[in-house]
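Here is a set of short exercises, each with a worked solution. Take your time with each task before reading on, and keep the structure in view.

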Amino acid sequence: MSPEPANCPLCSAAAERMRAATRGFRYTCPSCGTFHISSRALTCRNDIPASAREDVRRLRSYGHAPQIEVSPDGVRIVPGRS
Ligand SMILES: [Zn+2]
């Protein structure tokens, strides 16, 4: 699987994504860094909170691999396995 060009769902910058082993994609954005997003979260990207970029950055600074997913309460960002 090779990376394909895609706009970052968080900041719309030109980024790359790869299909992840689990459902979804792993994005590598020059601005937001690397994070995982589920296919379902991608389909409702308008519901991604504006704070998501900051959450992703904060989680990464703590060494987590941030994951954006849809929960019953809406889109949320959780610390994934690093
Ligand atoms: Zn981005």
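## Exercise 1: Across from Ile-37

**Task.** Find the residue of strand 5 that stands opposite Ile-37, then work out in which sense strand 4 and strand 5 pair.

**Solution.** Keep in mind throughout that this is a predicted model.

- Step 1. The residue opposite Ile-37 is Ile-68, in strand 5.
- Step 2. Strand 4 covers residues 33-37 and strand 5 covers residues 65-71. The two strands pair in the parallel sense, over two bridges.
- Step 3. Turn to the other partner, strand 3. Five bridges join strand 3 to strand 4, and this pair is antiparallel. One bridge partnership here is that of Thr-28 with Thr-34 in strand 4.
- Step 4. Strand 3 and strand 4 form a hairpin, with three residues between them.
- Step 5. Four of the five residues of strand 4 are buried, which means that strand 4 is largely enclosed by the rest of the structure.

## Exercise 2: The whole sheet

**Task.** Put the six strands in their order in the sheet and name the edge strands.

**Solution.**

- Step 1. The order is 1-2-3-4-5-6, in an open sheet with mixed pairing.
- Step 2. Strand 1 and strand 6 (74-80) are the edge strands, as each pairs on one side only.
- Step 3. On average, neighbouring strands of this sheet are turned by 35 degrees against each other, direction ignored.
- Step 4. At one edge, strand 1 pairs with strand 2 in the antiparallel sense over four bridges. Here Glu-4 stands opposite Arg-17 of strand 2.
- Step 5. Now add a helix to the picture. Helix 2 (residues 52-61) lies across strand 4, strand 5 and strand 6, and runs at about 10 degrees to strand 6.

## Exercise 3: The zinc site

**Task.** Name the residues that coordinate the zinc ion, and explain why the arrangement is tetrahedral.

**Solution.**

- Step 1. The zinc ion is coordinated by the SG atoms of Cys-8, Cys-11, Cys-29 and Cys-32, at 2.3 Å.
- Step 2. The angles between the four donor atoms run from 103 to 114 degrees, so the arrangement is tetrahedral. The ideal angle for four tetrahedral donors is 109.5 degrees.
- Step 3. Along the chain, the donors of the zinc ion have the spacing C-x2-C-x17-C-x2-C.
- Step 4. Cys-11 and Cys-29 link distant parts of the chain, 18 residues apart: Cys-11 is in the loop between strand 1 (4-7) and strand 2 (14-19), and Cys-29 is in strand 3 (residues 25-29).
- Step 5. Buried or partly exposed? Sort Cys-11 and Cys-29. Cys-11 is partly exposed, with a relative accessible area of 21%, while Cys-29 is buried, at 5% relative accessibility.
- Step 6. Look at Ser-12, in the loop between strand 1 and strand 2. Ser-12 is exposed, with a relative accessible area of 54%. Its phi is near 70 degrees, a positive value in a residue other than glycine. Most residues other than glycine have a negative phi.

## Exercise 4: An aromatic cluster

**Task.** Classify the two aromatic pairs that a search of the whole structure finds.

**Solution.**

- Step 1. Start with Phe-25 and Tyr-27. Their ring centres are 6.5 Å apart and their planes are at 70 degrees, so this pair is edge-to-face.
- Step 2. Go on to Tyr-27 and Phe-35. Here the ring centres are 5.7 Å apart and the planes are at 5 degrees, so this pair is stacked.
- Step 3. Put the pairs together: Phe-25, Tyr-27 and Phe-35 form one aromatic cluster.
- Step 4. Check the accessibility. Phe-25 and Tyr-27 are both buried, and Phe-35 is buried as well.

## Exercise 5: Ser-38 and Val-70

**Task.** Locate Ser-38 and Val-70, and decide whether each is buried or partly exposed.

**Solution.**

- Step 1. Ser-38 is in the loop between strand 4 and helix 1 (39-43), whereas Val-70 lies in strand 5.
- Step 2. Ser-38 has a relative accessible area of 15%, so Ser-38 is buried. Val-70, at 21% relative accessibility, counts as partly exposed.
- Step 3. Leaving aside neighbours within four places in sequence, Ser-38 is in contact with Arg-23, Gly-24, Ile-68, Glu-69 and Val-70.
- Step 4. Not counting residues up to four places away in sequence, Val-70 touches Ser-38, Arg-40, Ala-41, Cys-44 and Val-75.

Notes. Residues numbered from 1 in each chain as written. Predicted model: local features only at pLDDT ≥ 70, side-chain atom pairs only at ≥ 80, totals over all residues. Heavy atoms only, no water. Donors = N, O, S within 2.8 Å, 3.2 Å for Na, K, Ca; no water. Tetrahedral: all angles 85-135°; square planar, octahedral: opposite > 155°, others 65-115°. Buried < 20%, exposed > 50% of the residue type's maximum accessible area, 1.4 Å probe, protein only. Pairing = 2+ DSSP bridges. Axes fitted to C-alpha atoms, helices over the stretch in contact; angles between N-to-C directions. Contact = heavy atoms within 4.5 Å. Phe/Tyr/Trp six-rings, centres within 6.5 Å; stacked < 30°, edge-to-face > 60°.
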